[in-house]
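Please look at how the aromatic side chains are arranged here, and at which of their rings pair with one another.

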Amino acid sequence: MDESPGDEHLAFTKWAISKGIEINGVAPAHFPGRRLGMIAMKTIEEGEVMLTVPQSVMLSIDSIPSSFVDRFPEGTSIHGILAAYLTHGDAKSLKELDAWRSVWPSWQELEDSTPILWPAHLRRSNSAYEDDDNLSGPSLLPPSVSGLWNSFEKVPVGVDYDTRYQNMLAQEEKRLRRAWEQILTVFPDTEWKTFAYYWLIINSRSFYYISPGKGEPEDWNDAIAMVPYADYFNHEDNAACEVRFDHIDYTFTATRRYEKGEEVYMSYGAHSNDFLFVEYGFFLNTNASDSIYLDDIIFQDLSIPDKKDLVHNDSFGNFEVTTEGVGAGIEIAACLKYMSKRDFRIYIEGRSKRAFDAEKSAEIIRGWIGVYIRECEETVGIIGSMIDQLSGSRKLGRDKKWEKERLEMLRSRWGQIRGICEKAMEAVGRAQEVV
């Protein structure tokens with residue numbers, strides 16, 4: 001492994017130390033086939049603090065001059081203001097960040113990994129910003145990302161509900177476009193590519209942050225700040241690294257012993273691979289938090305009164321499936337398929353389980369999961385044909401090589417999704433009761 005990170009990273013390390021960042025036994029390093037990460041430069045004992053970053057060196061809404069922030073109308077996203085500052089802030093102040101900015105990914109690197117920047121035929125989604133010409137053809141992204149399916153047509157939901165982990169690409173694009181529109185009211189000559197670059201840098205490299213003395217922002221995406229040097233840590237679901245922020249410092253503490261040469265990870269949170277893919281441009285080979293959703297499939301099978309019953313019982317939507325099985329909401333929705341309205345009310349209120357039939361519920365749920373498996377088969381077939389077509393070319397240019405790599409990555413992700421479906425299918429019906 002070539003551990004040398006490059007001169008710009010060594011210069012940034014010196015800058016970080018000069019700014020009061022305390023670095024103990026870790027450093028950036030290259031890892032084969034992956035991005036830059038954090039490596040243990042010595043044996044690090046359990047309980048040892050590896051990195052301390054003071055609030056004073058973070059890029060947050062509180063570190064930007066109030067004269068800059070006050071130029072924006074009330075309700076402008078913090079995320080957007082941070083990106084606007086990196087685009088239009090005082091040149092002298094921004095120069096102080098040059099050592100840090102020099103180690104951020106380039107536009108090309110973002111374009112390579114981030115679905116929101118992919119060509120239209122690869123990133124097709126239900127985004128309101130899609131061009132009409134891009135609304136035909138198959139969707140290659142997972143449904144949680146794209147909000148689209150190849151094997152069936154979605155039906156109108158008829159009920160508004162929060163879907164943080166679904167339709168994720170459309171949600172991300174809406175936030176970016178909204179921030180862009182807000183920034184144009186103050187800086188009408190802003191270049192789209194420059195602003196989008198900084199917005200995406202912040203989106204993929206920020207940490208949780210709330211201004212001292214203030215509550216959570218209305219949009220959880222605005223509880224953010226950039227934390228220099230800490231952004232070298234790559235993600236692992238159950239990383240042996242405790243992360244704490246006390247409004248004075250961010251501290252990163254080893255929760256097990258690390259040997260010299262090991263990569264040191266932190267956890268970005270318990271997120272599915274689809275979320276990691278959209279937000280950060282990667283997904284894990286093994287992810288204990290991975291999941292998919294059956295909302296669009298189940299809605300095909302429910303009447304409006306059925307949906308109202310689920311809303312009334314706080315069981316509507318976000319029907320999650322993991323390798324361990326299905327969520328309680330899916331089990332409740334299945335009961336609607338064979339219980340009378342009277343029996344369903346008695347059952348859901350906990351007065352009697354007489355009408356509950358474990359075998360009927362399991363059969364219905366397996367049918368819903370089976371629809372997802374058919375989607376996997378159809379989409380993997382489409383992706384495979386596209387890969388075969390590219391493989392048949394005698395010589396591939398950079399763009400086509402890149403496209404083939406992205407298609408192979410998508411095929412791998414669909415394989416993971418099928419694996420979730422198959423394991424959930426096995427788990428369904430084992431329990432004889434619905435709690």
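Phe283 has a relative accessibility of 14% in this predicted model, and because buried means under 20% relative accessible area, Phe283 counts as buried. Phe277 is buried as well, with a relative accessible area of 1%. These two residues, Phe277 and Phe283, form an aromatic pair whose ring centres lie 5.9 Å apart and whose planes make an angle of 85°; since an angle over 60 degrees counts as edge-to-face, the pair of Phe277 and Phe283 is edge-to-face.

The structure holds 34 aromatic pairs, and one of them, formed by Phe12 and Trp15, is stacked, with 5.6 Å from centre to centre and 25° between the planes. Both residues belong to helix 1, which covers residues 7-18, and because Phe12 and Trp15 are 3 residues apart in that helix, about one helical turn separates them. Phe12 is buried at 0% relative accessibility, and Trp15 is buried too, with a relative accessible area of 12%.

The rings of Phe12 and Trp15 also take part in a wider arrangement, for ring pairs link them with Trp100, Trp104, Tyr197, Tyr198, Tyr229 and Tyr232 into a cluster.

Aromatic rings are also found beneath charged side chains in this model, as two arginines show. Arg177 lies over the face of Trp192, at 5.0 Å from the ring centre, while Arg256 is placed over the face of Tyr258, at a distance of 4.1 Å from the centre of that ring.

Key: Residues numbered from 1 in each chain as written. Predicted model: local features only at pLDDT ≥ 70, side-chain atom pairs only at ≥ 80, totals over all residues. Heavy atoms only, no water. Phe/Tyr/Trp six-rings, centres within 6.5 Å; stacked < 30°, edge-to-face > 60°. Helix = DSSP H or I, 4+ residues; strand = E, 2+ residues; numbered from the N terminus. Buried < 20%, exposed > 50% of the residue type's maximum accessible area, 1.4 Å probe, protein only. Lys NZ or Arg CZ within 6 Å of the ring centre and 35° of its normal.
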